[in-house]
Amino acid sequence: MYSMSHSSSAALAGHGAKHAPQASHGPAAGLQAADADERTRDRVLNAVLEHGPISAAELGELLGFTPAAVRRHLDHLARSGVIEVKRVARAGAGAGRPARRYVLSSQGQSTLGDDYLDIASLALQRLGETAGPDAVRQFAVERFGEMERRYAPEIDAAGPDITARAQALSAALSRDGFVASTASIEARAPLPAALSSVQLCQGHCPIQQLAAQFPVFCDVETELFARLVGVDVRRLSTLARGGHVCTTHIPTGRPAATGHHRPATTPGNLDEVSNHLQERP
């Protein structure tokens, strides 16, 4: 009896040993898969934070994911509201649909923490209170000064043609993560050819939230563009003020005034280069 019972018990134990892992393996596997998905989504989210605006294909290549896998995670993050899609005109403004690029949403910024923004905002507020608004402007001028020093030789190498200079500026901005593009607008009769222009668009702004609080950053950037291309330009919209992109109108009807990239250090007449006619979001 004992041996039979023992054999039966052993058989049952063996059966349990064979199937118990499978029974426990189901929920465990589900938890492990969920954890793996969370870790993967964190990687995707951090990659969007660091490299955005970025396409799904670029993310897949960067992280080693298949297109289907990366889109699944992007869709989940988009539904959660932590990332959003920006449609950016392709370089050259040729035919075709705008490219889909992913960036962190405001909710995503808050999720990851934006202490740096609070600190920067508070510092600029204190600077303005203690030294006046011109000190904030001077800070912005100095911030964009390094960009101007890097861009000027490259844009001057494009020659006096305004369109070529605008395209060189667009390429330099894109290299720095602004996702820029240009679109040529030819004036047609009865309008004079002198009214032709280029629209320079930027799909991303790394200081968007600061610029919303301190518009002088947009003013100084607009002045920088005017000096670099060599003609007065006009800001039509900015991300900081609710536009879908930052758009700068660059007239192409006259040659550029080149060779004098002098950063502006005083407020001056901003209307010559900056007119914030904002598009509605």
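The exercises below, each with a worked solution, concern a predicted model.

**Exercise 1. Placing a strand in its sheet**

Determine which strands pair with β6 and in what sense, and decide whether β6 is mostly covered or not.

Solution. Begin with the extent of the strand: β6 runs over residues 246–251, and 5 of its 6 residues are buried, which makes the strand mostly covered. Next, take the partners in turn. Strand β4, residues 197–202, pairs with β6 in the antiparallel sense over 6 bridges, and within this pairing Cys 201 stands opposite Thr 247. Strand β5, residues 234–237, also pairs with β6 in the antiparallel sense, here over 3 bridges, and Arg 234 stands opposite His 249.

**Exercise 2. Salt bridges and the parts they link**

Find how many salt bridges the whole structure holds, and for the pairs Arg 101 with Glu 58, Arg 137 with Glu 223 and Asp 176 with Arg 150, establish where the partners lie and whether they are buried or partly exposed.

Solution. The search of the whole structure gives 10 salt bridges.

1. The side chains of Arg 101 and Glu 58 meet with an N to O distance of 2.7 Å. Because Arg 101 lies in strand β2 (residues 99–104) and Glu 58 in helix α2 (residues 56–63), this pair ties together parts that are 43 residues apart in sequence. Both ends are then classified by relative accessible area: Arg 101, at 22%, is partly exposed, and Glu 58, at 34%, is partly exposed.

2. Between the side chains of Arg 137 and Glu 223 the salt bridge has an N to O distance of 2.8 Å. It links distant parts of the chain, with Arg 137 in helix α6 (residues 133–156) and Glu 223 in helix α9 (residues 216–229), 86 residues apart. Here the cut-off for burial is needed, namely a relative accessible area under 20%; Arg 137 has 4% and is buried, while Glu 223 has 7% and counts as buried.

3. For Asp 176 and Arg 150 the closest N and O atoms are 2.8 Å apart. Asp 176 belongs to the loop between α7 (162–175) and β3 (180–185), whereas Arg 150 belongs to helix α6, and the two are 26 residues apart. Asp 176 is partly exposed at 32%, and Arg 150 is partly exposed at 37%. As a last step, look beyond the pair: Glu 146, Arg 150 and Asp 176 are linked in a network of salt bridges.

**Exercise 3. Classifying an aromatic pair**

Identify the aromatic pair that a search of the whole structure finds, and work out why it is classified as it is.

Solution. The search finds 1 aromatic pair. Its rings belong to Phe 139 and Phe 217, with centres 6.3 Å apart and planes at 75°, so the pair is edge-to-face; the reasoning rests on the cut-off by which planes over 60 degrees apart count as edge-to-face. The pair links distant parts of the chain, since Phe 139 is in helix α6 and Phe 217 in helix α9, 78 residues apart. The accessibility of the two rings is then assigned: Phe 139 is partly exposed, with a relative accessible area of 39%, while Phe 217, at 3%, counts as buried.

A separate ring interaction involves Arg 143, which lies over the face of Phe 144 at 5.0 Å from the ring centre.

**Exercise 4. Following one residue into the core**

State how many residues the largest nonpolar core has and which have the most contacts inside it, then trace the contacts of Phe 217.

Solution. The largest nonpolar core has 40 residues, and those with the most contacts inside it are Tyr 151, Leu 169, Leu 173, Phe 217 and Ile 250. At least two residues of this core come from each of α5 (115–131), α6, α7, β4, α8 (208–213), α9 and β6, and α9 gives the largest share, 9 residues. Leaving aside neighbours within four places in sequence, Phe 217 is in contact with Leu 124, Phe 139, Ala 140, Arg 143, Phe 144, Ile 207 and Ala 211. A second core, separate from this one, has 16 residues, including Ala 47, Val 48, Ile 54 and Leu 104.

**Exercise 5. A threonine in helix α1**

Decide whether Thr 40 is buried or exposed, and list what it touches.

Solution. Thr 40 is found in helix α1, residues 2–51. Its relative accessible area is 18%, and Thr 40 is therefore buried, given that buried means under 20%. Not counting residues up to four places away in sequence, Thr 40 touches Phe 65 and His 73.

Note on methods
Residues are numbered from 1 along each chain as its sequence is written. This is a predicted model: local features need pLDDT of at least 70, side-chain atom pairs count only at pLDDT 80 or more; totals for chains, interfaces and linings use all residues. Side-chain values use heavy atoms; hydrogens and water are left out. Buried means under 20% relative accessible area, exposed over 50%, partly exposed in between (1.4 Å probe, protein chains only). Helices (H or I, at least four residues) and strands (E, at least two) are DSSP runs, numbered from the N terminus. Two strands pair if DSSP finds at least two bridges between them. A salt bridge is a side-chain nitrogen of Lys or Arg within 4 Å of a carboxyl oxygen of Asp or Glu. Rings of Phe, Tyr and Trp (its six-membered ring) pair if their centres lie within 6.5 Å; planes under 30 degrees apart count as stacked, over 60 as edge-to-face and the rest as tilted. A charge sits over a ring if NZ of Lys or CZ of Arg is within 6 Å of the ring centre and within 35 degrees of the ring normal. A nonpolar core is a set of buried Ala, Val, Leu, Ile, Met, Phe, Trp, Tyr and Cys residues joined through side-chain atoms within 4.5 Å. Contact means heavy atoms within 4.5 Å.
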